[in-house]
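Work through the two exercises below with the sequence and coordinates at hand. Each task is followed by a worked solution.

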Amino acid sequence: MKTLSLPYYAHIYKMILIQDIKSKMSYRADFFISTIGMIFTNLSSLAAFYITFLNFPSVMGWSYHEMLFLYGFSLLALTPLQCLFDNNWSLRNFVYRGDFIKYCFRPINTYFYFISEVFDLKGLGQGAFGLVTLIYAWNKLQLPVTFLIIVQLLLALTTASLFMIAIMNFAAATCFYIINSGYVMVTANKFRDYAKYPITIFEPFFRFIFTFIIPIAFIAYYPSLLFLRTNNIPLLTWLSPLIGVVFFYLSYLFWMHGARNYTGTGS
Amino acid sequence: MNNIIQLTDVSKEFKVLNRREGLKGSIQDLFSRDYKTVHAVNHISMNIHPGEIVGYLGPNGAGKSTTIKMMTGVLEPTSGEILVHGRTPYKNRTQNAQEIGVVFGQRSQLWWSLPLIESFKILKDIYQISDVDYQDMLALYESLVDVQDLYHKPVRQMSLGQRTLSDILAAFLHNPPVVFLDEPTIGLDVSMKSKIRELIKALNQQKKTTVILTTHDMGDVDALCKRIVIIDKGTMLYDNDIEHLRSFFGAYRTLKVKLSKHITDYSEEAKNRAIQTMEELITPQFPNAHFQISAEEDWVNILINESEVELMKVLSFIQTKNKIYDMQLDEISTESVIKKIYEGDGGHEPA
């Protein structure tokens, strides 16, 4: 038996991705309209953000530009989720219609096969938006640009993405266990809106929840301390890449366990 | 290895929640969990040889899909042992998947938005098919069906028939030793059905692929399967040659004769008279045989069990006594035999 190694999976992923993008591009109108929609969504939430800060110069010691930093950072961190893991949104439909079984007949990892199937181009627009916002905030805050900081930023973004993806994995995989899991998805998706805010604005109770139960604080808050509060970086920030990997792995196990269970009953 | 698929005393049970009726019942269900065990498959054993096409039949809910899912490694049997190509499918799902092909009814496994040829290319890489084997396979496909027309058509835009065809081709692409086809001709028109049957037959012959086929269409069975396995309510009812099936239920054939040239009188009375005349004619001659005689329009039908008396003897005897203007022979169709089995009529009533 040939080993199903990382290069093998990378190659398959590339194949599927390129094909998917090619076929998506052939629907030009759909592509442009959804991109424009995405831009408007982001513009309007940015406008709401701006108006709030016209009235409050700072929130719990966080300045407008620092908040903007968080905002851009969280948008960027969400981009991989949006682009690469969008099929999780369709999971429940596959499961309820019984079509999920087709993912079980290939000699490759079920989770990989399922996730690889869809690439959402809209996410790129959102990523670009986040990048511009982040660079703008970065400039205004006069943060340094060094090689080390860029590496830290990339690592922080990766970590944040892992958390976000893991949360959505957990939420999507609930459809293997319960009916009406759509609400879980929507709720989990709502949580990521809170990711844009420093968790110090929440009550201690919610701070605990957002750190240890639904760890959205790791999506933007903890990583951003690395750049914004350089003199006082908590331990959790340093641990976050590790926690992120563990959390993602747990979500993967939960997902796969669900997939196995599902095929145990469905017809 | 003699058997490519080996099932030994395989059972599968599901636990199903006993749901109560009404809103009150639903609330009770929330708190007490009253499970019942459903035996989807009950102690099934069978051995399948390489290169066979086996028809796996049974009414809806008989446990066919459950068995197929166990053989493909998607489901774990509750008890018993399954070996497919020397492997336990459930324990080695990914390796097993490399050596089987599956087509599951109307559920396409191809990439919905991709043209067929692109799907093939991805499958080539997933199954790590060599360039030579891949080209050979495509050449074979092209010689069997007009697949070139489909290459550049996205699966989404295909008709059901084209999609089924594509799915079957995709299942054979990596030249697996075993292919499972779950109702491959469901919902297809007559000409597409025969096209697909011919394709399956050709691939089976050329590639020596073992094919397990579930279907409700006896046309599929007659065209493809030498051997059939019938299950109902999870229990195996029959496992043997299709020829044997007919004799198993009695070697019945119907002889239809027309004894007068022009009959204008189709009344019940005239029919009864014709039946009675025939009975008086042949019963004394063949005392050991049990005939069932009926009449319709100007035909007299005699159902003959050939294990009791040969049909040709009856025919030639009638001819010595009466002028026969026309005659027909009706075989008992597989369909009516299977119907009998499903309805649980036992083995000795004629259709």
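The exercises concern a predicted model and treat an interface, then a single residue.

**Exercise 1.** Describe the interface of chain B and chain A: its extent, its polar links and the elements that chain B brings to it.

Solution.
Step 1. Count the residues in contact: chain B contributes 29 and chain A 33.
Step 2. Take the buried area, about 3100 Å² between the two chains, with 55% of it from carbon and sulfur atoms.
Step 3. Apply the salt-bridge rule across the interface, which finds two. In one of these, Asp99(A) pairs with Arg107(B), and the closest N and O atoms lie 3.1 Å apart.
Step 4. Count residue pairs in polar contact, both partners at pLDDT 80 or more: there are 12.
Step 5. Assign the chain B side to elements. Those giving two or more residues are helix H2 (64-72), helix H3 (93-98), strand E5 (100-104) and helix H4 (116-126). H4(B) gives the most, six residues.
Step 6. Sort the residues on the chain B side by type: 14 are nonpolar, eight polar and seven charged.

**Exercise 2.** Is Thr210(B) buried or exposed, and what does its side chain reach?

Solution.
Step 1. Locate Thr210(B): it belongs to strand E7 of chain B, residues 210-214.
Step 2. Compare its relative accessibility with the cut-off. Thr210(B) is buried because its value is 0%, and buried means under 20%.
Step 3. Follow the side chain: it comes to 3.0 Å from the backbone nitrogen of Gly51(B).
Step 4. List contacts beyond four places in sequence; among them are Ile4(B), Ile48(B), Pro50(B), Glu52(B) and Val178(B).

Conventions. Residues numbered from 1 in each chain as written. Chains lettered and ligands numbered in written order. Predicted model: local features only at pLDDT ≥ 70, side-chain atom pairs only at ≥ 80, totals over all residues. Heavy atoms only, no water. Contact = heavy atoms within 4.5 Å. Buried area = accessible area lost by both parts, 1.4 Å probe. Salt bridge = Lys/Arg side-chain N within 4 Å of Asp/Glu carboxyl O. Helix = DSSP H or I, 4+ residues; strand = E, 2+ residues; numbered from the N terminus. Nonpolar A, V, L, I, M, F, W, Y, C, P; charged D, E, K, R; others polar. Buried < 20%, exposed > 50% of the residue type's maximum accessible area, 1.4 Å probe, protein only. Polar contact = N/O pair within 3.5 Å; in protein donor to acceptor, adjacent residues only side chain to side chain.
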